[in-house]
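Please look at the two chains below with the sequence beside you. The report that follows begins with one strand and then widens its view step by step.

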Amino acid sequence: MEPFTTHTGRGVSLRRSNVDTDQIIPSEYLKRVSRAGFGEGLFATWRADPGFVLNQPAARGATILAAGPDFGIGSSRQHAVWALADYGFRAVISARFGDIFYNNAIQEGLLPVVLPADAVTALQDAIEADPAQRITVDLAGREVRAEGAAGQPPLLTAALQIDDYTRWRLMEGLDDVSLTLRHADDITSYERGRPGWLPLSG
Amino acid sequence: MGRTLAGKIWDAHVVRSAEGEPDLLYIDLHLVHEVTSPQAFDGLRMAGRSVRRPDLTVATEDHNVPTAGITGPDMPLRGPTSPLTDPVSRVQVETLRKNCADFGIRLYPMGDAGQGIVHVISPQQGLTQPGMTIVCGDSHTSTHGAFGALAFGVGTSEVGHVLATQTLPQARPRDMAVNVTGELPYGVTAKDLILAVIARIGTGGGTGHVIEYRGDAIAGLSMDGRMTICNMSIEAGARAGLIAPDETTFGYLQGRPHAPQGAAWDEALAYWRSLPTDPGAVFDREVTLDAGALTPFVTWGTNPAQAAPLGSAVPDPAAMADPAERATAERALAYMDLAPGTALTDVAVDTVFVGSCTNGRLEDLRAAAEVLRGRKVADGVRMLVVPGSMAVKAAAEAEGLAEVFTAAGAQWRSAGCSMCLGMNPDTMAPGERSASTSNRNFEGRQGDGARTHLVSPQVAAATAVTGRLTAPAGL
């Protein structure tokens, strides 16, 4: 997994709340067996409407999505994260994420950024006012900034909420399985103590 | 200070705990299906790893499989006699079969007597037991919490993590209690109750929490009813949902194929009886509902919280104070093609679906059959009844329920997820409108442009008879 320390890019403002993972990636795409190519399915139904925000020329090349609250609710499909990442997003910003989506995103290094609702709205306003607006997601500094003109202070700064461990793991680009396998002995010892009545699949 | 049920299960499964790190939890049972596993198994192969505990892993084919044309086990996957006609679905099913064969995992394939929706077959077989940790690459894994298990859905990377290590690092969730006092009135079911709970706390109301459902109305539910409740915990944003094990739970489990027997049963029982939440335990959040005040509930919108009593009307977004809520409701009503103020009992449907991991069990089918007995599905309505497992199908046929459905003009199918999410051929056309006993009414869930109203099995059956959203009392 690529380490994530800080990223600056342009944003897309998605003024919708309760964006569920069926919208992010429709079920039809879940039949695929590979991890690649899900970008074409990102918001597939909504993108059929020429007016949808991702279809605007200004959205091309944007790498940060600022969305309404309760983003990624519903189905556990990690394909939603693959679609966002494959399309080109490095971070998604919302006031609240569905738990499973959040966990899936941090597996892949797509940074789910929790900010207070009014900070998200202010960012959306800034992006809509100027689609060329540069947004920085600074995981190292735990901050999100709407950057000002060269040499000028940021227009907007907000504190990025994330637990220390996840921040460390994403900054190092480490995946969970190799970290867990460092404690393989603990797993074996736990197994020795499991009650005998627990079911087996056979 | 006492501990909650969820807290006790958590503590008993910590393999390793370290300051500043998520706890590493042992997983007692890993359920697998064909949609969320292919990339996880590939990840194992690429890293040269094997499945640590194939004996704690069970797989089934449920999301993609057709529910028509299944005549028995060993159905061909290819060729003119195969019921599986979608080549992309076929690849996914074949991939699961190869993965299970390569890694030594027990699989219940399409047509097999043990096959069905993953969250239906595990409890039926007695694999789901109190005090266990259970995961699956599927958000409705919360279903198993009905047995007093800590059960939650995960994504594909975490599926791979469990396959490789039989553990998961997890941040400890907070505890939420949903207390349901009183007694459900006649005609009001577990489905109506959970829809009312979600409407009350919202799609994000349970985020970061495990919900324990407590109170007399919950204790009065059968295991099938408890599974309906716990199943939809995810729609309230909760990490998991649980109900304390009691005599109802033990009575259900005793004698099932994978349940402990003899001295092991007695040992397990003593442990299970120690699990319920201690009297002094504190919940981080509590919500209370009076079951006696509830009536049949249906969804009108495009997320499960956009629901209302069937006897009421489509709400008016203009009356909503919160601008985000208003905008979401306006969007939902436009998609659903519903005008504010329309009586919900005036909403006509063309499709009725009885099935899914929410309401596809024997009791659900009995309830639907009781309403349909001696009646007919209305002209212009297509009704599909999809049993949650082949075992449910066999039991329903033995009881004569299948005949009730077909005599009424409904289609009786084989087991699978089917129309809940339309990954198999059981989909709806754009603009069609359903009354569905499933768990999600998101835009496009049952087909592009399809409109879904979530209902109980009883309401689904009554709706099939009249062609409009109807409660049995309205027949």
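Strand β3 (residues 91–94) of chain A is covered on both faces, since A91(A) and I93(A) on one side and V92(A) and S94(A) on the other are all buried. Here a residue is called buried if 20 or more other C-beta atoms lie within 10 Å of its own, exposed if 12 or fewer, and partly exposed in between, with C-beta atoms placed from the backbone. Helices (H or I, at least four residues) and strands (E, at least two) are DSSP runs, numbered from the N terminus. In a regular strand the side chains alternate between the two faces of the sheet.

Before going further, note that this is a predicted model, in which local features need pLDDT of at least 70 and side-chain atom pairs count only at pLDDT 80 or more, while totals for chains, interfaces and linings use all residues. Residues are numbered from 1 along each chain as its sequence is written, and chains are lettered from A and ligands numbered from 1 in the order in which they are written.

**The surroundings of β3(A)**

Two strands pair if DSSP finds at least two bridges between them. Strand β2 (residues 64–67) of chain A pairs with β3(A) in the parallel sense over three bridges, and in β3(A) the bridge partner of A66(A) is I93(A). Together, β2(A), helix α3 (residues 79–87) of chain A and β3(A) make a right-handed β-α-β unit; right-handed is said of a crossover if, with the strands pointing away from the viewer, the path from the first strand over the helix to the second runs clockwise. Four bridges join β3(A) to strand β4 (residues 111–114) of chain A, and these two run parallel. The chain crosses from β3(A) through α4(A) to β4(A), and this β-α-β crossover is also right-handed.

Two residues are in contact if their C-beta atoms, placed from the backbone, lie within 7 Å. Leaving aside its neighbours within four places in sequence, I93(A) is in contact with residues including I64(A), A66(A), V113(A) and V144(A).

**The chain and its partner**

Chain A has eight helices and seven strands, and its C-alpha atoms fill a box of roughly 65 × 40 × 25 Å, taken along the principal axes. Of the 202 residues in chain A, 43% are buried. Residues 24 or more positions apart account for 71% of the contacts in chain A with a separation of 6 or more.

How many residues of chain A are in contact with chain B? There are 46 residues of chain A in contact with 65 residues of chain B. On the side of chain A that touches chain B, the largest share, six residues, comes from α4(A). By class, this side has 15 nonpolar, 19 polar and twelve charged residues, where Ala, Val, Leu, Ile, Met, Phe, Trp, Tyr, Cys and Pro count as nonpolar, Asp, Glu, Lys and Arg as charged, and the others, Gly among them, as polar.

A nonpolar core is a set of buried Ala, Val, Leu, Ile, Met, Phe, Trp, Tyr and Cys residues joined through C-beta atoms within 7 Å. The largest such core has 193 residues, and among the members that touch the most others are V92(A), I93(A), L193(B) and A368(B). Helix α6 (residues 190–201) of chain B gives the most to this core, with eight residues.

**Elements of chain B**

In chain B, five strands form an open sheet in the order β5-β4-β3-β6-β7, with parallel pairing. Its edge strands are β5 (106–108) and β7 (150–153) of chain B, each of which pairs on one side only.

Eight of the eleven residues of helix α13 (residues 362–372) of chain B are buried, so this helix is largely enclosed by the rest of the structure. A368(B) is one of these buried residues.

**Three buried residues**

The table sets out where three buried residues lie and how many C-beta neighbours each has.

| Residue | Place | Other C-beta atoms within 10 Å |
|---|---|---|
| M176(B) | strand β9 (residues 174–181) of chain B | 27 |
| N18(A) | loop between β1 (6–14) and α1 of chain A | 27 |
| S356(B) | helix α12 (residues 356–359) of chain B | 29 |

Phi of N18(A) is near 55°, a positive value in a residue other than glycine, and phi of S356(B), near 90°, is likewise positive in a residue other than glycine.
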